[in-house]
Amino acid sequence: MNIVVLISGRGSNLEAIIKGYEEGKIKGKILAVISNKKDAKGLETAKKHNIPSYFINPKDFKTREDYDGHLAEFIKQKNPDLIVLAGYMRILSDLFIETFENKLINIHPSLIPSFQGLKAQKQALDYGSLLTGCTVHFVTKDLDNGPIIIQAVVPIKPEDTEETLSKRILSYEHRIYPQAIKWISEGRVTVNDRRVIVKDAEYGHIPVNPKLEDF
């Protein structure tokens, strides 16, 4: 599974994905890491692992559509099997999503459809939820609302802050994201409207459903 990863920040999920490749759990390679932020720590992470890394500046383009059009053409030259959003903090245009339909995945720090958009962890705390988590999903034109591949449930404690809850959720993000990529690489993931099935996966498990196999 050859992938391109889009980031905007620290790249902790990127590190988890890189580890999955370097340990041989995911076959293939990371073709490129691309950021819309020049100072994104994830670019340094990519360089440290000898992965081609690129900063493409949104300020060089008049509109979001112009930027996304350039980005899409740049990515197509790499010919990836999958595009992975790992903390990419720009809303993608319809054009970009259509270009890579069914080849674009994201991870979101909530159990979607709950708490979509920014600061999902704070949204869960402010709402008084007792459970939240994280979700790997296919990207569609509906923000943080695409077909779900895998989810992990994380309990919320009375003493939790946004920081402590985010940290606990992140530990599961680092497991379910590379797992989803591996399943896709094995050709086990099928999508029928909103319903995603991972062939031969064990469903009905908590805290992660389907059950983790490799991570």
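Q: In β9, which residue is the bridge partner of Asn192?
A: In this predicted model, local features need a pLDDT of at least 70 and side-chain atom pairs count only at pLDDT 80 or more, whereas totals for chains, interfaces and linings use all residues. Residues are numbered from 1 along each chain as its sequence is written, and side-chain values use heavy atoms, with hydrogens and water left out. Strand β8 (residues 189-192) pairs with β9 in the antiparallel sense over four bridges; strands (E, at least two residues) and helices (H or I, at least four) are DSSP runs numbered from the N terminus, and two strands pair if DSSP finds at least two bridges between them. In β9, the residue bridged to Asn192 is Arg195.

Q: In the hairpin of β8 and β9, which residue takes a positive phi?
A: This hairpin has two residues between its strands. One residue of the hairpin has a phi near 60°, and that residue is Asp193.

Q: Along β9, which side chains point to one face and are buried?
A: The side chains alternate along this strand, with Arg195 and Ile197 on a face where they are not buried. Here buried means under 20% relative accessible area, exposed over 50%, and partly exposed in between, using a 1.4 Å probe and protein chains only. The buried side chains, on the other face, are those of Val196 and Val198.

Q: What is the omega of the cis peptide bond that joins Ile206 and Pro207?
A: Pro207 belongs to the loop between β9 (195-198) and β10 (208-209). The peptide bond from Ile206 to this proline is cis, and its omega is about 15°.

Q: Is Asp200 buried or exposed?
A: Asp200 sits in the loop between β9 and β10, and its phi is positive, about 65°, although the residue is not a glycine. With a relative accessible area of 66%, Asp200 counts as exposed.

Q: Which residues does Gln179 touch, not counting residues up to four places away in sequence?
A: Gln179 is part of helix α6 (residues 162-185) and is buried, because its relative accessible area is 0%. Contact here means heavy atoms within 4.5 Å. With residues up to four places away left out, the partners are Leu212, Glu213, Asp214 and Phe215.

Q: Which helix gives the largest share of the largest nonpolar core?
A: A nonpolar core is a set of buried Ala, Val, Leu, Ile, Met, Phe, Trp, Tyr and Cys residues joined through side-chain atoms within 4.5 Å. The largest one has 67 residues, and those with the most contacts inside it are Ile3, Leu6, Ile105, Ile149 and Ile181. Its largest share, nine residues, comes from α6.

Q: How many residues apart in sequence are the parts that Tyr54 and Phe74 tie together?
A: A search of the whole structure finds four aromatic pairs, meaning Phe, Tyr or Trp (six-membered) rings whose centres lie within 6.5 Å, with planes under 30 degrees apart counted as stacked, over 60 as edge-to-face and the rest as tilted. Tyr54 and Phe74 form one that is edge-to-face, with 4.9 Å centre to centre and 75° between the planes. Because Tyr54 lies in strand β3 (residues 53-55) and Phe74 in helix α3 (residues 64-78), the pair ties together parts whose separation in sequence is 20 residues.

Q: Is Phe74 buried or exposed?
A: Its partner Tyr54, at a relative accessible area of 26%, is partly exposed. For Phe74 the relative accessible area is 19%, so Phe74 is buried.
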